[in-house]
Amino acid sequence: MPSSEPTPASSPPSSPYRTVLCGELRSANVGDTVSVAGWVARRREHGEHLAFIDLRDHTGIVQCVIDHDVDVRSEWVVKITGVVRPRPDGTVNPDLATGEIEIGEADVEVLSQAKPPPFPVDDRADAVDETIRLRHRYVDLRRERMQANLRLRSKVNASIRTAMDDAGFVEIETPMLTASTPEGARDFVVPSRQHPGTFYALPQSPQMYKQLCMVGGFDRYYQIARCMRDEDLRADRQYEFAQLDAELAFASRDEVLEVIGSTVSLAIEAVTGTPVGEIERITWHDAMDTYGSDKPDVRFGMLLCEVTDVFAETGFNAFKAPSIKAICVPGGAELTRRRLDELTDSARRWGAKGLVWMRVKAEGLDSPVAKFLSDTEMVELTERTGAAEGDLLLLVADEWRQTTHVLGLLRLELGRPPIAEGGVQVRWVVDFPLFEEIDDATGKPTSAHNPFTMCHEEDLGLLQAAAAGELDNPRDLLNVRSQSYDLVINGWELGSGGVRIHRSEVQQTVFSLLGISDEQAERNFGFLLEALRYGAPPHAGFAYGIDRLVAILAGEDNIREVIAFPKTQSGADPLTGSPGPIEAAQLDELGLRLLPPTT
């Protein structure tokens, strides 16, 4: 049932257009003479001189009764003045907050006429092609869904700022025009008119600037930052995005997790009304081993099961591998052979050598490979996985990283619920590896997160030994744990952070291991290295995506639905027609020439 409480007034009482908002009116207002203003949501004719107009503003809809001729049409902007009265018996609308009353004796003043809208301004627009919705986004934004999403976003931003202010943080804006630095994604670059041939870059994050704030003595910095990355777009990624960016000096990892966890919890509670409680932590290794993902979706089961030892003495050559894992799909025995073949193809596409499937039947396991397995192996496999009749077992045998990766993707493919289901499940993922791979050609590792994250103190000796060339096996570097951490909600990576390297000699050691020469380090990060030499305190920080947080809380599977003016999947903006060409005179002014398109 709609609430009987009016929405708090948000229009100034001195407005010449309205004395009250449409959605505020209730039975308590009966007898009041009021003025409302908004868009005509619907007009219904009842006889020659009687019409009903549903008038809409951002608070809701109110029915107005017009007993004289008036020319108004869908989406015209009007002001209506009249007397609030009860609806006649039998016409109350229980689905409408204002459904017990109407505005009668109404006079209409047309404030603005409108062309017929390109699509219905209601939930039917969800079925409209997204390009059309985005081309006319100003119309799309009038819909209740979009109004709710963007006002929810405003509430989240407000709760974040309140939480950060209460925790003693200082809001500091960092530059939008900065230097290009390799941070794992392509930069958006901006040519300089005054310095032809040189370029600024739009920030992928304020990472180095916030570290400089720590050197500058601001113990607690934050901003709701705009960031840009030239990456392929998807449901949870746009070229430009908003994030809460924070940094703390003289702080441990646990202090950062407590402070950031509190801001996220308060934002969630502000929207849902339900406290989150203490956020559980899981190590990166356990997340991969159990869920097959470093951003685990814990809303459903189908956990990865270790079965390597079950096949320790197997005669099945495909299972003679360092790691064998399985997932049990409840009721999955009903999947068709065609679907199982599709899953096998997907597993191979994701890097597996193959996929073994087994249907659990009353008489045992039904599988093309069953003839290669002993009765003992099949019984132990069934017991280990907890499989029951009607279930399906999927197994992958390979290196540990590959088995967990492939089964993690299969788990999501077969079991992941929509983002709006299962509640809001939050986890900290900690103790990521500092490096994720060793290049066989160069022997150099690659950063798992970024080159500015500190390793665990107990792993520092291993790092230094590698830099000195004293490791017998370069792959031992993969055992170095970083003091980095991710915040994950419902399987979406909300954000990342870490304890920073605040000593220049350690930073240079990491650069050296990554194959970044002193000259390259000075060219790309010289100002940061120089700042670290002037007394940098220990510091740590975090950043999380506001677009993603709002999408989860709004129950949206795509962040475009919580951004006022997003780009399409292809990166285009149908509203403004961007990206587009610029005038030759502008190119001349910037000292640029366009190359012919490649064929």
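These are my notebook entries on a predicted model of a single chain.

**Entry 1: the whole chain**

I began with the overall picture. I found 14 helices and 22 strands in the chain. Along its principal axes, the C-alpha trace spans about 90 × 75 × 55 Å. I then looked up burial, and 47% of the 599 residues count as buried. For contacts with a separation of 6 or more, I read that 67% join residues 24 or more positions apart.

**Entry 2: surface and charge**

The chain exposes about 29,200 Å², and carbon and sulfur atoms supply 50% of that area. I also looked up the charges: there are 61 positive and 94 negative ones, and their mean positions are 4 Å apart.

**Entry 3: helix α5**

Next I picked helix α5, which covers residues 253-272. How far does α5 reach from its first C-alpha to its last? I got 28 Å for its 20 residues, close to the 28 Å expected at 1.5 Å a residue. The buried residues of α5 include Val-256, Val-259, Ile-260, Thr-263, Val-264 and Ala-267. Residues three or four places apart in an α-helix point the same way, because a turn takes 3.6 residues. Arg-253 in α5 is buried as well. Right after α5 I noted Gly-273, with a positive phi near 80°.

**Entry 4: a loop threonine**

I moved on to Thr-98, in the loop between β4 (77-86) and β5 (101-112). Is Thr-98 buried or exposed? Its relative accessibility is 2%, so Thr-98 counts as buried, the cut-off being under 20%. Leaving aside neighbours within four places in sequence, I found Thr-98 in contact with Cys-22, Gly-23, Leu-25, Arg-26, Ile-61, Val-62 and Arg-87.

**Entry 5: aromatic rings**

I searched the whole structure for aromatic pairs and got twelve. One of them is Phe-188 with Tyr-239, edge-to-face, at 5.2 Å centre to centre and 80° between the planes. This pair links distant parts of the chain, 51 residues apart: Phe-188 sits in the loop between β6 and β7, and Tyr-239 in the loop between β9 and β10. Phe-188 counts as partly exposed because its relative accessibility is 23%.

I also looked up Trp-428 and Phe-542, an edge-to-face pair with 5.2 Å centre to centre and 75° between the planes. Trp-428 lies in strand β17 and Phe-542 in strand β22, so the pair ties together parts 114 residues apart in sequence. Both rings belong to buried residues: Trp-428 has a relative accessible area of 2%, and Phe-542 is at 1%.

My last look was at Phe-311, Phe-316, Phe-319 and Phe-372, which form one aromatic cluster.

Note on methods. Residues are numbered from 1 along each chain as its sequence is written. This is a predicted model: local features need pLDDT of at least 70, side-chain atom pairs count only at pLDDT 80 or more; totals for chains, interfaces and linings use all residues. Side-chain values use heavy atoms; hydrogens and water are left out. Helices (H or I, at least four residues) and strands (E, at least two) are DSSP runs, numbered from the N terminus. Buried means under 20% relative accessible area, exposed over 50%, partly exposed in between (1.4 Å probe, protein chains only). Contact means heavy atoms within 4.5 Å. Accessible areas come from the Shrake-Rupley method with a 1.4 Å probe; for residues, only the protein chains shown count as cover. Lys and Arg count as positive and Asp and Glu as negative; His and the chain ends are not counted. The place of a charge is taken as NZ of Lys, CZ of Arg, CG of Asp or CD of Glu. The expected span of a helix is 1.5 Å times one less than its number of residues. Rings of Phe, Tyr and Trp (its six-membered ring) pair if their centres lie within 6.5 Å; planes under 30 degrees apart count as stacked, over 60 as edge-to-face and the rest as tilted.
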